[in-house]
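Grab a coffee and work through these exercises with the model open beside you. Each one sets a task and then walks through a solution.

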Amino acid sequence: MSEVQVPSAYVAPKGRSLFEPHRIFLMLVFAVLIFCVAWFMRWDWLPRYQDRLIYGVGQTLLMLFSTAIVGFLFAVPLGLVQVTGPKPLALLARGFCTLIRGTPLLLQLWLLYYGLGSVFAQFPEIRSSFLWPYLRQAWPYGFTALMISFAAYEGEVMRGAFAGVPRGELEAARAFGMGRFTLFRRIWLPRAIHRALPTLTGETVLQLKSTPLVATVTVVDVYAIISRVRQETYLTYEPLLLLALIYLCLTGILVYAFRLLENRIPTRGV
Amino acid sequence: MDATLHLLSLTSPGWGGVLLGGLVASLQVAFGGYLLGLLIGTGGAAGKLWGGPILRDLLEVYTTVVRGVPELVLILILYYAGTDAVNQVMALLGLPSVDISGLAAGIFVIGVVQGAYSTEVLRGAILSIPPGQIEAARAYGMSPLLALRRVTLPAMLPFALPGLSNLWLIATKDTALLAVVGFAELTLVTRQAAGTTKAYMTFFLAAGVLYLGITLVSNLVIRAIEKRALRGMTRPGGAA
């Protein structure tokens with residue numbers, strides 16, 4: 001990649017040093033706190049559950065990325081249709097987004113799992129179909145609920161992103177003789193995704209924070225493993241503190257990774 | 001259809017009354033939590049902007065942790081830790097332990113979570129007030145608190161409204177998470193009604209309609225408030 005000279009309009013102020021006296025003091029206080037937590041609380045269960053915890057984190061990440069990617073694929077048409085689609089389709093997409101964004105995810109999840117699950121079970125055609133072994137498990141419902149929620153939230157973002165691409169760029173593409181599809185593929189979609197990228201970080205973190213909900217319908221992720229630990233060891237705080245720490249680390253890694261990704265894309269006066 | 005209406009009827013064999021009770025509980029927690037969050041947020045924003053270095057760092061830790069951990073996990077931790085802490089304090093004071101009502105605990109939990117988000121919203125809004133206005137208030141001899149009440153808070157309101165209305169919608173939906181700790185709000189009573197009658201679809205759809213109703217009514221109210229707060233402001237494209 002060749003070095004591109006980017007004129008910087010905004011230079012972030014230099015972050016305050018980590019080693020100011022009050023920060024050293026605070027770090028000492030936190031170190032003592034962490035030491036107390038490690039010393040006085042019970043952590044002897046940790047080695048026994050280590051493998052399952054790692055598996056759980058993997059499941060959480062799998063759930064996060066699969067739902068985010070598939071959800072994003074749905075979000076693109078949802079946003080596009082609201083900007084340029086025929087009226088009935090636009091209204092439909094708009095209603096879908098309002099419906100999903102206006103009700104709690106937990107309710108949607110339970111509606112799918114308990115409601116739809118019980119409806120499916122009533123039809124012998126579905127019970128005898130090849131899909132039934134999957135429909136009997138919990139993860140398809142968890143996946144669908146998370147995916148739909150991501151699609152609706154991100155669809156709203158994509159609507160704004162599509163609408164915000166400068167008209168001149170689209171007109172220029174048409175003047176070049178591009179067909180509608182080429183124009184979409186080469187100009188409109190990349191520009192819209194570029195505009196939506198900063199919010200994508202926030203949406204993905206929100207999605208990560210929604211994943212533990214699937215544990216309430218018996219999908220096994222890291223939250224479900226921790227619940228299991230709590231039931232088996234009768235500990236209240238230790239597993240929950242570890243769980244919070246795990247999610248904090250995952251959030252931090254996600255934000256950092258997205259920042260790297262964003263920095264790789266050159267921006268000029270956006 | 002007749003059976004469905006029978007299930008949803010307000011009197012005893014039907015579960016409509018139970019659902020409405022859950023709705024009221026949800027709204028109470030949402031209101032209380034939102035107000036508590038606003039209180040924490042105002043203090044937090046003031047602390048982040050004008051506080052000492054230690055207070056500022058501590059608030060940064062608070063907002064980062066709350067925004068980085070799933071609400072569900074926070075609710076579990078705060079629910080147990082909050083009730084535990086109150087009882088320990090009572091024991092220290094030599095008083096008998098109390099049963100903390102689910103409502104109070106729920107308001108506390110939602111308030112702490114909302115507080116972190118509204119800290120950020122309010123901080124950003126205060127920063128976008130033209131500094132001359134606050135300086136003018138000081139120049140008139142207003143004390144910092146008076147300037148906050150008379151100038152800073154009213155002047156930042158238009159900037160904070162979009163974020164705050166978003167937070168209110170999040171608060172109403174976050175109350176559903178209290179179902180996991182067994183607080184009888186709308187989602188949990190819906191599940192109980194559905195489990196008892198086996199009419200899962202009916203009840204979950206009914207609850208969905210209720211939640212959607214909250215959101216739509218809230219949107220109308222928010223639009224009215226925005227219209228009022230933005231009166232007399234000339235911001236091309238700014239007023240949505």
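Before starting, one cut-off: a residue is exposed if 12 or fewer other C-beta atoms lie within 10 Å of its own, buried if there are 20 or more, and partly exposed in between. Keep in mind too that this is a predicted model.

**Exercise 1. Classify Y234(A), T218(A) and L64(A) as buried, partly exposed or exposed.**

Solution.
- Step 1: Y234(A) has 7 C-beta neighbours inside 10 Å, so it counts as exposed.
- Step 2: T218(A) has 13 such neighbours inside 10 Å, and therefore counts as partly exposed.
- Step 3: L64(A) has 22 C-beta neighbours inside 10 Å, so L64(A) is buried.

**Exercise 2. Work out where Y234(A) and T218(A) sit, and what their phi angles look like.**

Solution.
- Step 1: Find the loops. Y234(A) is in the loop between α10 and α11 (237-264) of chain A, while T218(A) is in the loop between α9 (180-210) and α10 (222-233) of that chain.
- Step 2: Recall the usual rule. Most residues other than glycine have a negative phi.
- Step 3: Check the angles. Phi is positive at Y234(A), about 60 degrees, and this residue is not a glycine. T218(A) isn't a glycine either, and its phi is positive at about 70 degrees.
- Step 4: Look at chain B as well. K198(B), which follows α8(B), has a positive phi near 65 degrees.

**Exercise 3. Describe the overall build of chain A, starting from its helices and strands.**

Solution.
- Step 1: Count the elements. Chain A has 11 helices and zero strands.
- Step 2: Get the dimensions. Along the principal axes, the C-alpha atoms of chain A fill a box of roughly 70 × 70 × 35 Å.
- Step 3: Compare with a globule. For 270 residues, a compact globule would have a radius of gyration near 18 Å, but chain A comes out at 23 Å.
- Step 4: Check burial. Of the 270 residues of chain A, 30% count as buried.
- Step 5: Ask how far apart in sequence the contacts reach. Taking contacts in chain A between residues at least 6 apart, 79% join residues at least 24 apart.

**Exercise 4. Find the surroundings of L64(A).**

Solution.
- Step 1: Place it. L64(A) belongs to helix α2 (residues 46-84) of chain A.
- Step 2: List its contacts. Setting aside neighbours within four places in sequence, L64(A) is in contact with Q207(A), L208(A) and T211(A).
- Step 3: Take one distance. F150(A) is 86 residues away from L64(A) along the chain, and their C-alpha atoms are 10.0 Å apart.

**Exercise 5. Which residues have the most contacts inside the largest nonpolar core?**

Solution.
- Step 1: Size up the core. The largest nonpolar core holds 107 residues.
- Step 2: Name the best-connected ones. M158(A), I75(B), F203(B) and F204(B) have the most contacts inside this core.
- Step 3: Find the top contributor. Helix α7 (residues 139-164) of chain A gives the most to this core, with 13 residues.
- Step 4: Zoom in on M158(A). Not counting residues up to four places away in sequence, M158(A) touches A75(A), V76(A), L78(A), G79(A), A192(A) and A196(A).

**Exercise 6. Take apart the contact between chains A and B, concentrating on the chain B side.**

Solution.
- Step 1: Count residues. Chain B puts in 30 residues and chain A 27 residues.
- Step 2: Find the elements. In chain B, α3 (53-68), α4 (71-92), α8 (186-197) and α9 (200-229) each supply at least two residues of the side that touches chain A.
- Step 3: Pick the main one. α9(B) gives the most to that side, with nine residues.
- Step 4: Sort by type. The chain B side divides into 22 nonpolar, four polar and four charged residues.
- Step 5: See how α8(B) packs. Its buried residues pack against α4 (105-122) of chain A, together with α2 and α9 of chain B. Among those buried residues are L186(B), L188(B) and R191(B).

**Exercise 7. How well does the predictor rate chain B and the complex?**

Solution.
- Step 1: Chain B has a mean pLDDT of 87, and 95% of its residues reach 70 or more.
- Step 2: Among the elements of chain B, helix α1 (residues 2-8) has the lowest mean pLDDT (72) and helix α2 (residues 16-50) the highest (92).
- Step 3: For the complex, the predictor gives an ipTM of 0.86 and a pTM of 0.86.

Conventions: Residues are numbered from 1 along each chain as its sequence is written. Chains are lettered from A and ligands numbered from 1 in the order in which they are written. This is a predicted model: local features need pLDDT of at least 70, side-chain atom pairs count only at pLDDT 80 or more; totals for chains, interfaces and linings use all residues. Two residues are in contact if their C-beta atoms, placed from the backbone, lie within 7 Å. Helices (H or I, at least four residues) and strands (E, at least two) are DSSP runs, numbered from the N terminus. Ala, Val, Leu, Ile, Met, Phe, Trp, Tyr, Cys and Pro count as nonpolar, Asp, Glu, Lys and Arg as charged, and the others, Gly among them, as polar. pLDDT is the predictor's confidence in each residue, from 0 to 100. The radius of gyration is taken over C-alpha atoms; the globule rule is 2.2 Å times the number of residues to the power 0.38. A nonpolar core is a set of buried Ala, Val, Leu, Ile, Met, Phe, Trp, Tyr and Cys residues joined through C-beta atoms within 7 Å.
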